[in-house]
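Got your viewer open? Let's take a short walk, one selection at a time.

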Amino acid sequence: MDESYEILGLAPGAERSEVKRAYQRRKELYSRGSLAIYSLASESDRESRLEQVESAYQRILSFMHLHGDEGEHTNSDHSPSAPMPDPEMAPGEYLRWARNQAGLSIRQLADRTKISTMRLDDIESERIDHLPPPVYLRGFVYEFARSLGLVNAFQLSEFYLRRVASGLDD
Amino acid sequence: MTEDPSPGQPIPPQVPRVWAVGGGKGGVGKSVVATNLGVAVARLGLRCVLVDADLGGANLHTMLGVSAKKGLASIFNHESASLNDILIPTGIANLHLVSGAQALLDMANPKHAQKLKLLRQLFAIDADIILIDLSAGSSFNVIDFFNAAHDPIMVVAPTPTSIENAYHFLNAALHRRFMQAVAKAEVTELAKKALADKNANGLHSPRELLRYLCHEHPDAGSAIGSMMAGVRPKLIVNQVRREEDMHLGDQIAYACHDFYGVKLEYLGGLRSDDRVVSSILDRKPLQATQPACQFSTVIEGIAMRLINRDREAQHG
Ligand SMILES: Nc1ncnc2c1ncn2[C@@H]1O[C@H](COP(=O)(O)OP(=O)(O)OP(=O)(O)O)[C@@H](O)[C@H]1O
Ligand SMILES: [Mg+2]
């Protein structure tokens with residue numbers, strides 16, 4: 001079973017949504033004429049890898065089925081319809097809200113951004129004493145926001161720094 | 001647990017972090033990327049030194065609009081003792097240049113001892129970030145600098161020719177690093193023997209060779225395995241014209257996992273932009289003149305990301 005996950009570039013036990021995403025990406029990677037594998041794979045190599053990906057995905061799906069995972073469920077602790085906090089006044093809260101909207105746990109976001117769960121939590125909670133110096137903080141906030149697909153990632157990092165500079169006193 | 005100091009004071013790292021920009025193909029934009037990344041780092045408040053290691057085709061002084069009186073050449077012919085003595089101010093705060101201009105013809109291929117000396121000196125420059133611009137190609141002279149960097153960055157354009165050269169380059173860099181790890185683990189003879197009849201053993205990549213060594217000599221195998229696991233090349237896709245190629249970087253990262261067993265990190269895609277061309281004509285980096293344009297904001301995002309990666313690597 002682990003081998004099937006490995007073929008999709010996943011760690012064993014990855015969640016259903018991740019498996020699906022990884023499968024779609026590998027399918028694209030090994031599609032005919034794929035630029036990203038130019039000079040790496042011959043046509044027959046490409047085809048056999050595509051078949052491997054297909055059967056790995058099917059194996060994982062039936063494995064999940066056997067273990068009673070029937071698919072989509074949300075894992076957010078906040079209701080997705082919670083009101084949006086003001087990104088300028090409460091950038092940390094805004095980030096937490098946006099993460100919940102995306103249905104991601106802190107752990108999942110940490111995997112995506114390579115920022116530790118503790119640091120992400122400090123950022124969301126605006127724990128000013130635990131935050132790194134501005135030159136680094138800016139990048140963390142930017143990365144956080146960007147990985148959620150927020151278009152205002154830059155603006156948000158500005159808001160955040162301003163908020164920290166003002167000592168959260170207002 | 002180490003506490004972060006209070007916000008307000010950036011603490012400079014003790015040793016400079018070294019970034020190197022390479023990627024095999026000529027003209028893909030290595031120098032453009034290096035120059036603008038350097039400006040971005042400086043604008044973020046860290047002291048940056050750009051090093052033009054393309055001795056056969058030095059460009060950085062031109063892209064920055066400075067005249068290069070003294071450069072790497074003066075280290076090679078012993079006119080200057082230290083790189084710290086030949087830092088050229090760029091007119092941009094926090095940014096200095098070590099120029100590669102005025103190198104003599106034979107300097108493009110330095111001797112092994114000279115190369116080691118230069119590498120030692122690079123890590124002793126008084127700055128936070130050292131950013132090396134490499135020449136095209138996959139020669140040892142390029143690869144050794146690429147491999148020595150904390151953050152080796154490949155620049156690729158979305159064309160079959162660039163992709164082909166990039167994989168060749170990556171393969172060469174990984175292979176060289178692998179053979180160095182093999183030597184360190186003192187199993188060179190075993191590896192050589194395995195490679196000599198590689199067709200019999202079915203060994204076509206370092207990955208397969210590693211599997212073989214793990215089987216034959218588990219201790220050495222796992223030592224080499226962990227040395228290779230630390231290899232984290234980065235990727236920038238430049239001169240993107242088609243929307244679909246904005247995803248090419250992610251796909252290349254998956255391909256590197258599947259074919260080389262390497263965790264390549266895709267840093268971002270840069271669109272083809274006429275302003276880049278004009279900025280070279282004006283000899284002023286776009287990052288300095290138009291920091292808010294799309295090209296510059298992507299570069300700035302990449303700089304921030306790398307700075308943070310470095311910090312995590314240093315402070316755990
Ligand atoms: N994002 C971009 N948009 C438009 N043009 C670009 C872009 N990046 C690079 N170029 C063009 O490509 C040319 C080559 O770029 P650059 O000199 O940085 O490449 P290089 O990889 O360093 O080349 P060499 O291998 O010769 O050192 C530039 O002069 C510029 O005209
Ligand atoms: Mg160049």
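For the sorting used on this tour, Ala, Val, Leu, Ile, Met, Phe, Trp, Tyr, Cys and Pro count as nonpolar, Asp, Glu, Lys and Arg as charged, and the others, Gly among them, as polar. This is a predicted model, where local features need pLDDT of at least 70 and side-chain atom pairs pLDDT 80 or more, while totals for chains, interfaces and linings use all residues. Residues are numbered from 1 along each chain as written, chains are lettered from A and ligands numbered from 1 in written order, and side-chain values use heavy atoms, without hydrogens and water.

Start with ligand 1 and grab its shell (residues with a heavy atom within 4 Å). You should get 19 residues, with B:Gly27, B:Lys30, B:Ser31, B:Val32 and B:Asp273 the closest. They split into eight nonpolar, seven polar and four charged.

Now draw the polar contacts (N or O pairs within 3.5 Å). The side chain of B:Lys30 puts an N or O atom 2.8 Å from a ligand 1 oxygen. At B:Asp273, a polar backbone atom sits 2.8 Å from a ligand 1 nitrogen. Colour helix H1 (30–43), strand S7 (234–240) and helix H12 (274–282) of chain B: these elements each give two or more residues to the shell. (Helices are DSSP runs of H or I, at least four residues; strands are E, at least two.)

Next, select helices H6 (residues 160–184) and H10 (residues 218–229) of chain B, whose axes, fitted to C-alpha atoms over the stretch in contact, come within 9 Å. They cross at roughly 145 degrees, on a 0 to 180 scale between N-to-C directions. For contacts (heavy atoms within 4.5 Å), show B:Phe178 among the H6(B) residues and B:Met227 among those of H10(B).

Terms used:
A polar contact is a pair of N or O atoms within 3.5 Å; within protein, one must be able to donate a hydrogen and the other to accept it, and residues adjacent in sequence count only if both atoms are side-chain atoms.
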